[in-house]
Amino acid sequence: MANVTDLQTKYSKLAQEYSKLRAQNQVLKKAVVDEQASSVSLKEQLKQRDQSLRKQEQEMDSLSFRNQQLAKRVELLQEELANRGDSPSQHGLETQSVFDEDLQKKIEENERLHIQFYEADEQHRRQEAELKARLQELEKDSEQHQAVVDGLTAKYMDTIERLQSDKARLEVKAQTLEREAKECRMRTEECQQQLRRCQSELNRQVKQSSSVIQEKVPFNDTKFSDYNSLNVPPHNRRHQLKARDLAGQALSFIQDLVAALLNFHSYTEQRVHIYPRDSSIEPISPLNQKFSQYLHENAAYVRPLEDSFLHLHQSITEDTVTVLETVVKLKSFADNFSSYTHFLQKILPYQLKSLEEECEAPLCTTALTVKNQELQSDMKRVTSVFEKLQSYINILALPSVRQDAVPQSSTSAVFTQLAACLHSLHDAIKEMSKHYNQKASLEQELPTVTQKLCTTTECLLGSLGSLTSSTGKIATFFSNNLDFFASSGYSPRGSTATLNPLQAESMLANKKKAAAYMHAVKKPRPQSVPYREALSNRRILTSSTESREGLTQQVQQSQEKIARLEQEKEHWLLEAQLGKVRLEKENQRIADLEAQLAAALGGSPNSQAAAASTLAQSHEEAEKEQKAAGKETTLCTSLVGMLCTTPTVEHVGDEESREQLIKTHYMARVGELTTQLQISDSKAVHFHSECRALAKRLAIAEKSRESLSEEVKLANQNITRLQDELATTKRSYEDQLSMMSDHLCSMNETLSKQREEIDTLKLGSKGNAKKNKGR
């Protein structure tokens, strides 16, 4: 209902605004109409002025015509006067005087008319310009008013449409809200009923629990804090996982910080060897030598920070209890941090003195001196912040050595101060980086700056940037997780007491015993298949069995067909061999007949013809015998493809030869099939092993391709980086050469000027000496 009233009030406000806008629209429409009427009247005035201007122009034309007539008359009178000569009479003089007066009057009148015409023309032009300007202004105002009216009309139409749509939407929303209100009332009634049932159930459970406690529990140790502190708290696995995760994140931040600190100290050492004195040209000061020696030992103090924190991260696992009292590895990290802080305190005076030595350099400007002083204050501030961090970290490491060293109420304050100190460290390093950037830009303007110094300074600025980034990340990370660090995480139920290492050890032992008991009690359930999956598997199995039976029948039919074709093949091979034997016999018989024919041809022609006829007859008889033998011979093919003929006395030797041929042929065929089978088996084994080897080679080739692609990417990145470095180096060398050439030109100019001055001084001194000698 409240939503409905809000919608009604909103709709009433929108209606009021609409009425206001409508009234304003009427006023604007009236103003536009007035402006249009005024513009029409001004246009009429302009037309009247144009008409008066035309009349004045006509009058001007008539006056100029009359002026021309008068000028012609004057010329005629002058000509008459010139013709009359030098002896005018009294009448001519009078006439001349009359004409002169008349001419003078006409001239004055003409002059007056010219003045009036000029004034009227100027006034007309001025009025015309004013009217045109006013007309333009009015047209602009009219256009602006029309644009405003159009915009307001469109705006009002949009507003009206929007209000109508809002009205429809609000009506729909009101209906939905009323429906929801009804549903909410129904749900409220249901919830009240459920609440009554829950209250009755809870009252029953409370009565039952209180009766059980009174009857079964002889002593409740949770009422007393001293006894409750002896109870082992439950293991918080979520707390352990988050502690493990946060320790991993902190390890990555510490690694970035260690890398940035190593780079900063190393590049500072390189800078000490280059500026203000280059160690390759002249020896540096003993102070900078000692400073460089100390900086060279930075890895011995910085590397243990990463190693000790890595051990700390490895000690935090899912099966351990992570609180300040049980994190023993934090003490080694605190000791390493203290040693690094002592290292910073040891090198701080040398840093300050080294900057003072830079200020004492001959080319050090005032601005550089100011920046060096700011860097001195920044280094002091950074060292003091590290000292504060050392004290807070040592305080947090004390509970793991001595249990009651830090009370639980003070732990949150220590963590809060540590977070603030980390933010101040980030601010100090950021300020030092800004001052180093300003100092580097000032040093590049010096004429004696070298490329080696520029490169080292750039590397130093890069290390300061990464150091600023890493400290900022650490400060943000610590502030975001400050609540988790300050929370205890483990404590007995109903108590705020801390967890000591003995309780943690007993908690882990009980956890291991419980896990072993659950593992022993837990029995593996027999594997079962769901009903739907079993049905689908049965359907697949049935279809696969049917398809397998069909394939088996097809294989059997194919094997029978192959066997039948093999028999036919063997049959036709035997037929071919028999035909070959018969062909040889026929050839032998033909040869005998030819011999007989040749012998017969040795006699008379009649005898030759008779021999030929006998040869033909014998040949025909042989063919008849062959056909008869073919009719008598019966061929039968058994399952093994053997050919048998009806035994006759003439073909006994052929039958034995056929059996021998069949036996040898089958033996040769069996040997060929055996060799083919062995060859196919060996080829299959060879192909299988070759495929496995090819698969392994393919996997190795894929891995090598990925590694090579990564190497190619890295190589391309290195190439681009080297090209950029080469370009920057080339550019810096070119700039340096141009600066050196300009410097040499300026030096040559100064030397030439000095030589000229020396020559002039010498000449002056010689002249003075001569004058003194003359005196």
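**Exercise 1.** How many aromatic pairs does the structure hold?

*Solution.* Keep in mind that this is a predicted model. Counting through it gives 13 aromatic pairs. Now follow the links: ring pairs join Tyr301, Phe309, Phe333, Phe337, Tyr340, Phe343 and Phe386 into a cluster.

**Exercise 2.** Pick Tyr340 and find which residues it touches, leaving out those up to four places away in sequence.

*Solution.* Start with Leu261 and His265, then add Tyr301, Val302 and Leu305, and finish with Phe386. Next, look at the wider setting: Tyr340 is listed with Leu330, Phe333, Met432 and Tyr436 as having the most contacts inside the largest nonpolar core, a set of 67 residues.

**Exercise 3.** Work out which helix gives the most residues to that core.

*Solution.* First gather the elements that supply two or more residues; among them are helix 4 (237–274), helix 7 (329–359) and helix 9 (408–443). Then pick the top giver: helix 4, with 14 residues. Apart from this core there's another one, made of nine residues, including Tyr275, Ala361, Leu453 and Cys454.

**Exercise 4.** Explain why the buried residues of helix 5 line one face of the helix.

*Solution.* List them to begin with: Asn288, Phe291, Ser292, Tyr294 and Leu295 are buried. Look down the axis of helix 5 and you'll find these buried residues within an arc of 160°, so they line one face. As background, an α-helix has 3.6 residues a turn, so residues three or four places apart point the same way. Then ask what covers the buried residues of helix 5: helix 4 and helix 7 are included.

**Exercise 5.** Find the ring that the charged end of Lys346 sits over.

*Solution.* Go to Tyr294: the charged end of Lys346 sits over its ring, 4.6 Å from the centre.

Notes
Residues numbered from 1 in each chain as written. Predicted model: local features only at pLDDT ≥ 70, side-chain atom pairs only at ≥ 80, totals over all residues. Heavy atoms only, no water. Core = buried A, V, L, I, M, F, W, Y, C linked by side-chain atoms within 4.5 Å. Buried < 20%, exposed > 50% of the residue type's maximum accessible area, 1.4 Å probe, protein only. Helix = DSSP H or I, 4+ residues; strand = E, 2+ residues; numbered from the N terminus. Contact = heavy atoms within 4.5 Å. Phe/Tyr/Trp six-rings, centres within 6.5 Å; stacked < 30°, edge-to-face > 60°. Lys NZ or Arg CZ within 6 Å of the ring centre and 35° of its normal. Arc of directions from axis to C-beta.
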